[in-house]
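Q: Could you take a close look at how side chains of opposite charge pair in this model, and then place those pairs in the wider setting of the chain? Please give the cut-offs behind each term as you go.

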Amino acid sequence: MVLSNTASKSDESIHSTFASRYVRTVLPRFKMAENSIPKEAAYQIINDELMLDGNPRLNLASFVTTWMEPECDKLIMASVNKNYVDMDEYPVTTELQNRCVNIIAHLFNAPLEESEAAVGVGTVGSSEAIMLAGLAFKRKWQNRRKAEGKPFDKPNIVTGANVQVCWEKFARYFEVELKEVKLRDDYFVMDPAKAVEMVDENTICVAAILGSTLNGEFEDVKLLNDLLTVKNKETGWNTPIHVDAASGGFIAPFLHPELEWDFRLPLVKSINVSGHKYGLVYAGIGWVIWRSKEDLPEELIFHINYLGTDQPTFTLNFSKGSSQVIAQYYQLIRLGYEGYKNVMENCRENMMVLKEGLEKTGRFNIISKDNGVPLVAFSLKDNSRHDEFEVSHMLRRFGWIVPAYTMPPDAQHVTVLRVVIREDFSRTLAERLVTDIQKVLNELDILPAKITAKIAINGEGADKNITVVTKKTAEEAQLREITTVWRKFVLEKKKMNGVC
């Protein structure tokens, strides 16, 4: 005789996840729930909400890597539970970071002896790397001013107005005046001559950008070095240079090896680069490299021993995952110089496909340069009826995330769209994007203009201005409202730059 037990009504294990009470009732969103829920229900609830996020590979606003090989994904998952700061417990992970620092230092032509170790550290991104480099410059400047018996309470840093917002954060958080070289219509990066003019005895460094977030252009670090060398000789100030190579640091060595921007220039004392951009690693890894030990004040380095052995540390945070460090080392040995060069050349070729496709429409001005970061920044030749914000908004219907933003002062009247070409952006996607942009333009041509038409009528005896307002449909009114809010959001921010 076969015996069977009837499951109780409270046995949730036999119910479908979607039929369970956990997905049929409202869970508290801003307070912790009183009771636990099954793991399957928790997973499904979160997964369902995440489906509403955009597709990372179609997020053309971001420089950050969105695809890696499955083998590297396995390494990442295998080390996701390792805390990088536990150097005594995970000595191999520490060794891999040191190898990465030395590989990148040699890539940037650091003046190292045969057996000399490079000076640098892994960070959670270029923002932290810039904070650390800035602190080193500030402390060195303060020490020098103290030794000379001069005031050291008003440090400043000279940059272009096109810098990423992390430079503003550094200036505000660490009380350093930010002196920005304004842009102009035909020049959207820092002018080296104007930058050197702004340098004074309180300048801790001049920051040059190798790959502007706005249009991908490389700033002329060589000219900056030459002009600053002359001024240093005249004044005796010895003002150094930091290169923010967050985007371009893994591009220039492979596509433009002859370009002098790195430690080949004597005044370049530190360089930061984002491993999670064209270093081809998922978000969460950056690097800062110093020219020599003398450029990193010893008093900024802390030593701890409560994790097992004496460990030097120079970071803003303490604990962080090991996965991205391991992933960076994977990419460096997996691809090598040949592999990175192939990836960057492919990105540049797909950039040209997109650029040429946009030019063929006859509707856009190309703002970006061919010899910078592989991206295409472009603006409408005629935005009197419809603007770049509307194009950006309507592309969302096709899944594309293409940002529209205004340039910093004094070019804030210029609005651009930008498409970043990453490793996983193929030629097929580039051609499809051009097709979808053309569809958007055709649709916008049919819609009424975004502004009311003002018609001047010359009457007898006096001039009269009559404003004609076109009646809008509900759908068009909604589109206008969204565009207006978006434009206001961008204009209220001093900068609308990319991810670091």
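A: Glu431 counts as partly exposed at 40% relative accessibility, where buried stands for under 20% relative accessible area, exposed for over 50%, and partly exposed for what lies in between, with a 1.4 Å probe and protein chains only. The model is a predicted one, in which local features need pLDDT of at least 70 and side-chain atom pairs count only at pLDDT 80 or more, while totals for chains, interfaces and linings use all residues. Residues are numbered from 1 along each chain as its sequence is written, and side-chain values use heavy atoms, with hydrogens and water left out.

The side chain of Glu431 meets that of Arg427 in a salt bridge, at 3.1 Å from N to O; the term stands for a side-chain nitrogen of Lys or Arg within 4 Å of a carboxyl oxygen of Asp or Glu. Side chains of opposite charge can pair when their charged atoms come close. Glu431 and Arg427 are four residues apart in helix α11 (residues 427-446), so about one helical turn separates them; helices here are DSSP runs of H or I with at least four residues, strands are runs of E with at least two, and both are numbered from the N terminus. Arg427 is also partly exposed, with a relative accessible area of 49%.

Helix α11 holds a further pair, Lys439 and Asp436, whose side chains form a salt bridge at 3.9 Å from N to O. These two residues are three apart in α11, so they too are separated by about one helical turn. Lys439 counts as partly exposed at 36% relative accessibility, whereas Asp436 is buried, with a relative accessible area of 2%. Elsewhere, Arg57, Arg422 and Asp424 are joined into one network by salt bridges that share partners.

What does the salt bridge between Asp200 and Lys179 tie together? The two side chains meet at 3.1 Å from N to O. Asp200 lies in the loop between α6 (192-198) and β4 (203-209) and Lys179 in strand β3 (residues 177-181), so the pair links parts that are 21 residues apart in sequence. Asp200 is partly exposed at 24% relative accessibility, while Lys179 is buried at 16% relative accessible area. Asp191, in the loop between β3 and α6, is buried with a relative accessible area of 15%. If residues up to four places away in sequence are left out, Asp191 touches Val181 and Arg184, a contact being heavy atoms within 4.5 Å.

For the wider setting, a search of the whole structure finds 18 salt bridges. The chain has 500 residues, of which 49% count as buried, and its secondary structure comes to 12 helices and 15 strands. Among contacts between residues at least 6 apart in sequence, 69% join residues at least 24 apart.

Arg422 and Asp424, members of the network joined by salt bridges, also appear in the lining of the second largest cavity, together with residues including Phe63, Trp67, Lys277 and Glu423. On a 1 Å grid over the protein atoms alone, a cavity is a set of points where a 1.4 Å probe fits but cannot get out, a pocket is an open set with protein on both sides within 12 Å along at least five of seven lines, and lining residues have an atom within 4 Å of a point. The second largest cavity holds about 50 Å³ of space, a volume being the space filled by probe spheres set on grid points that are joined across faces, edges and corners. Its lining has four nonpolar, two polar and four charged residues, with Ala, Val, Leu, Ile, Met, Phe, Trp, Tyr, Cys and Pro counted as nonpolar, Asp, Glu, Lys and Arg as charged, and the others, Gly among them, as polar.

The largest cavity holds about 70 Å³, and the 13 residues that line it divide into six nonpolar, five polar and two charged. The largest pocket, in turn, holds about 610 Å³ of space. Of the 24 residues in its lining, Gln97, Asn98, Gly120, Val121 and Pro312 are the closest to its centre. The lining of this pocket takes two or more residues each from α3 (91-107), β1 (119-123) and β9 (311-313), and α3 gives the most, with five.
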